[in-house]
Structure formats: structure tokens, C-alpha cells
Amino acid sequence: MTEVRGSAGANGTHARRAPGTPCWVSLMVHGLTTTEEFYGALFGWEFEPGPQQLGPSVRALLDGREVADIGQLPPDLELPIAWTPYFASDDVDHTAETVRLCGGTVGVGPLDAAEAGRMAIGSDPSGAVFGIWQASAHLGTAVSGVHGTPVWDELLTYDTGGVAKFYETVFGYEEEPVVSADFDYVTLHVGGRPVAGIHGVGLSLPRDRGPHWLTYFEVADADSTVREVTALGGLVLKPARDSAHGRVATVSDPEGAVFSVIQSPR
């Protein structure tokens, strides 16, 4: 991953994101109340009712500012439980059509989310799911750089080759490949700034998950956060370890949603 900060700092202004910039994350689960308890204890989130277009949902808040969305799946709907990143668009209908033309699919929308904005959920040609957000009243995550805020999104896929071209065409990214014989990675840039990454992991990609987006959340202390995940009923998939960008771990919540936590260098 690449160290990055969003456009809304802990004490900064909340601005509309440029197209292609990650602007929001959402999670659909079966147990909404128990999921609130998990993330509330882990990240200090508080909750208020969210949009109801796709069913019951809540908005996660830090100090009254929006961080993420958690929705409830219908009892009879069996879908993978996963965090989904949303990428900003000035015209979600046009972006959704480009997704289709480039070999992806659009499974939800485009549709209006009341006065908040307009959205769609699609997948790239390899099957990785992502959202598209055209902001109106709701601009996206309103705070970054503090404990419990999304800081980076990374696509884990078989190889970066074809899928990087898909995202470049759909969102207009500039690409910066890592020049290495044994590390397949492309950093996606908007306006010269790194905003997301694509990591080709070959056969080490979990067979039961396939290609997928992974969201990183900033934490104050990666080791204590990992211990808290276990105490709250989650699982540790990759223990805390040092990296070039901070101390990082990969975990899952009690329903199986996978995410990473990172303690950035201070």
C-alpha cells in the first residue's frame, strides 16, 4: 500500500472528491445490532439511522462526523459479507455505462439515495465489487487520519495486468507500477496523488473469496486493536507486522467481513 490521506482531515474541511477518489465505505450484514456493538467498541463509532433505500441501515460517526455505512441484509439473502469502497463520480450513470462497456457488471442502480446523492454498485471483469457515488448532500467520509477512519483501499486480484486498464478507463486513473520481478503492484493516482492500489497476488488469493477490495482503517495502536478484535469475537488473519507504511494487520469481524488496520508512523 501507499501512505495516503483523504481530503477531510481530523480538523480539516470536508470537500467534494475528484472522480475516482475513494469517498465512502459500506458494509452489509445480517446482524446489524451486533455489528454496531463490534465496531463501536473497536473504533469508537457511534451510530444514527441511515438511508433506507436498500433496507435498514445506520451511519457510523466519529465526533458527529460520518465515517461509514452499515446496512442489514434480508434474512433470506446469502451474499458475501464484505466492506465495499465507493469511488467518486460526477455522473454515476455515465460511469456505470463505462463499467459495462469495459467488461464489468452493474448489479445495483444507478439509483437515487434521497437527497444524499446517486449511487451504483458494480464489479470489475474479475468479479471484485465496488461502489460508485455521485455526491449531492452527502459528500462521503467526513474525517480521516484518526483512529477508526478509512485510509486506503487495495484491490487483491490474480494479477494487475488487465484489471488495471479497466479501472484506468472507468475512473481516469494514472498508474504507477512497482518495478519488481516478484511484487506485482500498481498504485492508482488522481491528479498526481495516490488514492488506491491494485495488488496482484497470483495463486495466494483465497479461493473462497476471489478478487476483492480490502479497506484499511487507521488505528492508534495496531497491536492493541488486534487484541480487541479477538476479544470482541473477530478473527486475526494476518498478525500485526511492520511495513514500509506502518504497523499493519488483517482481521475479520464476527460475520466474516475482512479489513486491515494500520498504525501509521508518527
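Asp63 lies in the loop between β3 and β4 of this predicted model. The phi angle of Asp63 is near 50°, which is a positive value in a residue other than glycine. The briefing below sets out the backbone geometry, the empty spaces, the charged side chains and the aromatic rings. The largest pocket has a volume of about 1,000 Å³, and searches of the whole structure find eight salt bridges and 22 aromatic pairs.

**Backbone geometry**

- Most residues other than glycine have a negative phi, and most peptide bonds are trans.
- Asp63 has a positive phi, near 50°, and is exposed at 74% relative accessibility, because that value is over 50%.
- Ala114 also has a phi near 50°, positive in a residue other than glycine, and its place is in the loop between β6 and β7.
- With a relative accessible area of 52%, Ala114 is exposed.
- The peptide bond that runs from Gly109 to Pro110 is cis, its omega being near 0°.
- Pro110 is located in strand β6.

**Pocket and cavities**

- Rolling a probe the size of a water molecule over the atoms shows where empty space is left.
- The volume of the largest pocket is about 1,000 Å³. Of the 46 residues that line this pocket, Ser26, Met28, Thr84, Ile121 and Val129 are the closest to its centre.
- Two or more residues of the lining of the largest pocket come from each of β1, β3 (57-62), β4 (65-72), β5 (83-88), β6 (105-113), β7 (117-123), β8 (129-135) and β13 (212-218).
- Strand β6 supplies six residues, the largest share of the lining of the largest pocket; the place of Pro110, on the far side of the cis peptide bond from Gly109, is in this strand.
- Two cavities of 30 Å³ or more are found in a search of the whole structure.
- The second largest cavity holds about 70 Å³ of space. Its lining consists of Arg16, Arg17, Pro19, Cys23, Ala88, Ser89, Asp90, Trp133, Ala135 and Leu139.

**Arg17, a buried charge without a salt bridge**

- Arg17 lies in the segment before β1 (22-29) and is one of the residues that line the second largest cavity.
- Although buried, Arg17 has no salt bridge. The nearest side chain of opposite charge belongs to Glu66 and is 8.5 Å away; a salt bridge requires a nitrogen and a carboxyl oxygen within 4 Å, so this pair does not qualify.
- The side chain of Arg17 instead reaches backbone oxygens: that of Thr141 at 2.6 Å, and that of Leu139, which lies 3.4 Å from a polar atom of the Arg17 side chain.
- Leu139 is also among the residues lining the second largest cavity.

**Salt bridges**

- Side chains of opposite charge can pair when their charged atoms come close.
- Eight salt bridges are found in a search of the whole structure.
- Glu66 and Arg59 are joined by a salt bridge with an N to O distance of 3.0 Å, and both residues are buried.
- Arg100 and Glu97 form a salt bridge in which the closest N and O atoms are 3.3 Å apart. Both residues lie in helix α2 (residues 92-101), three residues apart, about one turn of the helix.
- Arg100 is partly exposed at 38% relative accessibility, and Glu97 is partly exposed at 38%.
- Arg247 and Asp242 meet through their side chains in a salt bridge of 3.1 Å, N to O. Arg247 is partly exposed, with a relative accessible area of 23%, whereas Asp242 is exposed, at 63%.
- Arg59, Glu66 and Asp69 are joined into one network by salt bridges that share partners.

**Aromatic rings**

- The search of the whole structure finds 22 aromatic pairs. In the pair of Phe183 and Tyr185, the ring centres are 5.6 Å apart and the planes meet at 10°, so the pair is stacked.
- Phe183 is partly exposed, with a relative accessible area of 34%, while Tyr185 is buried at 4% relative accessibility.
- Phe38, Tyr39, Phe43, Trp45, Trp83, Phe217 and Phe259 are linked into a cluster by ring pairs.

**A contact in strand β15**

- Ala249 is found in strand β15 (residues 246-252) and is buried, with a relative accessible area of 0%.
- The C-alpha atoms of Ala249 and Ser260 are separated by 5.5 Å, although these residues are 11 residues apart along the chain.

Technical notes. Residues are numbered from 1 along each chain as its sequence is written. This is a predicted model: local features need pLDDT of at least 70, side-chain atom pairs count only at pLDDT 80 or more; totals for chains, interfaces and linings use all residues. Side-chain values use heavy atoms; hydrogens and water are left out. Helices (H or I, at least four residues) and strands (E, at least two) are DSSP runs, numbered from the N terminus. Buried means under 20% relative accessible area, exposed over 50%, partly exposed in between (1.4 Å probe, protein chains only). Lys and Arg count as positive and Asp and Glu as negative; His and the chain ends are not counted. A polar contact is a pair of N or O atoms within 3.5 Å; within protein, one must be able to donate a hydrogen and the other to accept it, and residues adjacent in sequence count only if both atoms are side-chain atoms. Rings of Phe, Tyr and Trp (its six-membered ring) pair if their centres lie within 6.5 Å; planes under 30 degrees apart count as stacked, over 60 as edge-to-face and the rest as tilted. On a 1 Å grid over the protein atoms alone, a cavity is a set of points where a 1.4 Å probe fits but cannot get out, and a pocket is an open set with protein on both sides within 12 Å along at least five of seven lines; lining residues have an atom within 4 Å of a point. Grid points are joined across faces, edges and corners, and a volume is the space filled by probe spheres set on the points.
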